[in-house]
Amino acid sequence: MYRLTKAQKQKVQDLLSQMTLEEKIGQMNLISPSIVGGFDVSFEELIEMVGDGRISHEEFEKILNNAERDYQEDNIRAGKIGAMMLQDPEKVNELQKIAVEESRLGIPLLIGLDVIHGFRSVYPIAIAEAGAFDPDLFERTAHMAAKESRTQGVNWHYAPMIDVARDSRWGRVSEGPGEDTYLASEFARAKIRGLQGDMSSTDNYVAACTKHYVAYGACESGRDYNTTSMSISQLHNIYLPPFKAAMEEGAASVMASFNDLNGVPCTVNPYTLRHLLKETYGLKGLVVSDANAIRECVTHGIAADDMDAGVQAANAGMDMDMGTGIYSKYLEQAIAEGKVDMGVIDEAVTRILSVKVWLGLFEHPYVEKEAMTRYETLPKAHTDLALEAAEKSIVLLKNEGNILPLKKDQKISLVGNLADMKEEIIGAWAMSWQHKDCVTILDGLKSAGANVSYYPCGGPEGDLNDEEIKEAVSDGDVIVAVIGEMVNMSGEAASKADISLPGKQRELLEKLLASGKPVVAVLMNGRPLALGWENEHLPAIVEAWHLGIQMGNAVVRVLFGDCNPSGKLASSFPYVTGQCPVYYNHPNTGRPGSGSKFTSRYLDAPFDALYPFGYGLSYTSFEYSDLKVEDAGDAFKVTVTVANTGDRTGTETVQLYMQDVTATLVRPVKELKGFTKVTLDPGASVDVTMSLKKSDMGFYDNDANYRIEDGKFNIFVGTNSKECMKQEIDVKF
């Protein structure tokens, strides 16, 4: 993991001692190649546009192929650039050659990119993959992405995104591991291991950059870039732990978030950047701003001008500026005027150089010619892993009358234009995929030899084709309706005030249901949707998210029962949008929601989630019994018997929750504290044992002090956050 040898540390100090101030500040400058002519946005904005779906993959390639780009070769030669965003291996080699062989000190470039859920082998979006509850899977997919990106010269991933997000109106909920702090922390640890852990060769690891630090996922009203305000206890108990976990695992870098936190933008926040991240959590690597974030501190109103913003950011602990050039333009003057101490600059540059040394860039700055085409045709091991991840991420939400699995001789009417759109299976923030690798749901059905007829009929956008709808309902024995969101309806800058099915898709479902034939809905979406109506009217619902290149094969294997679904929800689903934010681990109120009038409830909607965190059905059934909690010294040993009471082999995620019943701060009604997966044949049972460390039973108070208090605790074990067995214990620590 991220740790330098004594010799590597000495190399960093030797370099630092030779550097001019201009060269030091140059290392703190991250740029993207400027688009020259033909397009009126920066490369950073272009990357964002293809990442969140505002322009297609084809449009992105066309722009890049037809536009000239300024790679600032002279500034690289002069030592004024420390890092770039790029994904062209030949150009990477060309620019690294300038940096290594033509600059005065030969310091290579960091090459960064948003690699959120796969590089060439795109796997499920994070909110989907987190529902696999499988840290080993999380680690393996990250390792695959690291190896693939290194062949293109990308050695720094702006990932994992580990924002806890409780409001599904926020578009970027798609990029992170959901609403729960514990699951997000386990996701963070596994992703850091996968990205950074295999140092057997420089081909096998990259520098991780956890983001967005911190509380970006708590943006007010779910509106992207919006303000965040919260107590110190909430910050430390809910939003900081995944970043703390990533630092304990050795993450090499962190990206600060756009938002302000209690009035101070995270870009210039000394409490979060310097005190917590560097001094308390012990980050050894670097902190980078998000795109244009230093300049945006002027718009926030906390900085008078660009220079003031740069001074505040540097002093707060921001080591690298993404995209504004403010450090390059103003830091030398700021030092001369005594606004920034030279020690601040030396610390930042030490951190940046340390990451470069740790990555082996001084010894191996170039991409070998053979490596550039290594994954032009994806190896079976990579497509198999993408398929495994997709299968484990699918959640069965409803299966009334056991309509699923389908029989392979049934005549299927496949409805909805999402069923055959390769670009829509990929999900937000995927940029390096190729069409030839993408398997749509229609592709998957055909490959499986299904008796299928396809009717686009309509989708999230545009009108319905009534003639096709009539043909679909008359043709099939069963109707599989693929519905949901376009990729550009979630991700960055894609917050929504209404998260029900977009467009005329509900009208489409009504017409399909009117036929009297069974309708199976397969959801393709980047966020939890408000599905109260769909749950009431549809007999079967499969949550398939945006699953990546193997989506079609994974969905079809679940539909036919070749794969028994085992995914669980990493975020709660509301009945209606107005319930947002809805999440399982809320604090109790003095008047908990109930059917009585003067309680915390809605007049026109349920107060609970439609599908709670941890929820997910199977084609078999599981029964829990004999919950036991035993004191084992520094931990509690929690044992429960789980039996497969159905007629199929299935995998169950056994979930352990805790409630601190009475404390000096109001605590959540439940908190996830552990999980494990068991696979059981029909009729089989197993005693499942999990450990709850006593040191993990505390909480942070409003002075950021960690407290563990004696008293009553409820221990819950079950199939989801709502359906649990319970045992009360008295604890003296």
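In the predicted model, helix H8 spans residues 135-150 and contains 16 residues. The distance from its first C-alpha to its last is 23 Å, close to the 22 Å expected at 1.5 Å a residue. Buried positions in H8 are Leu 137, Phe 138, Thr 141, Ala 142, His 143, Met 144, Ala 145, Ala 146, Glu 148, Ser 149 and Arg 150. These buried residues pack against three helices, H7 (126-129), H9 (181-196) and H18 (380-393), and against strand S6 (156-157).

A further helix pair is formed by H12 (residues 270-280) and H14 (residues 306-316), which pack with their axes 8 Å apart at an angle of about 20°. Because angles under 35 degrees count as roughly parallel, H12 and H14 are roughly parallel to each other. Pro 270, Leu 273 and Arg 274 of H12 make the contact with Ala 314, Asn 315 and Ala 316 of H14. By class, this contact of H12 with H14 comprises 4 nonpolar residues, 1 polar and 1 charged.

According to an unreviewed UniProt entry, residues 652-721 are covered by the annotation "domain: Fibronectin type III-like". The chain over residues 652-721 is 57% strand and 0% helix, with the end C-alpha atoms 14 Å apart.

Lys 694 is located in the loop between strand S23 (685-693) and strand S24 (699-700). Its relative accessibility is 13%, so Lys 694 counts as buried, the cut-off being under 20%. Apart from neighbours within four places in sequence, Lys 694 is in contact with Asp 631, Gly 633, Asp 634, Ala 635 and Phe 636, as well as with Ile 708 and Phe 733.

Technical notes: Residues numbered from 1 in each chain as written. Predicted model: local features only at pLDDT ≥ 70, side-chain atom pairs only at ≥ 80, totals over all residues. Heavy atoms only, no water. Helix = DSSP H or I, 4+ residues; strand = E, 2+ residues; numbered from the N terminus. Expected span 1.5 Å × (residues − 1). Buried < 20%, exposed > 50% of the residue type's maximum accessible area, 1.4 Å probe, protein only. Contact = heavy atoms within 4.5 Å. UniProt positions renumbered as here; feature names shortened; annotations may be inferred. Axes fitted to C-alpha atoms, helices over the stretch in contact; angles between N-to-C directions. Parallel < 35°, antiparallel > 145°, perpendicular 65-115°, else oblique. Nonpolar A, V, L, I, M, F, W, Y, C, P; charged D, E, K, R; others polar.
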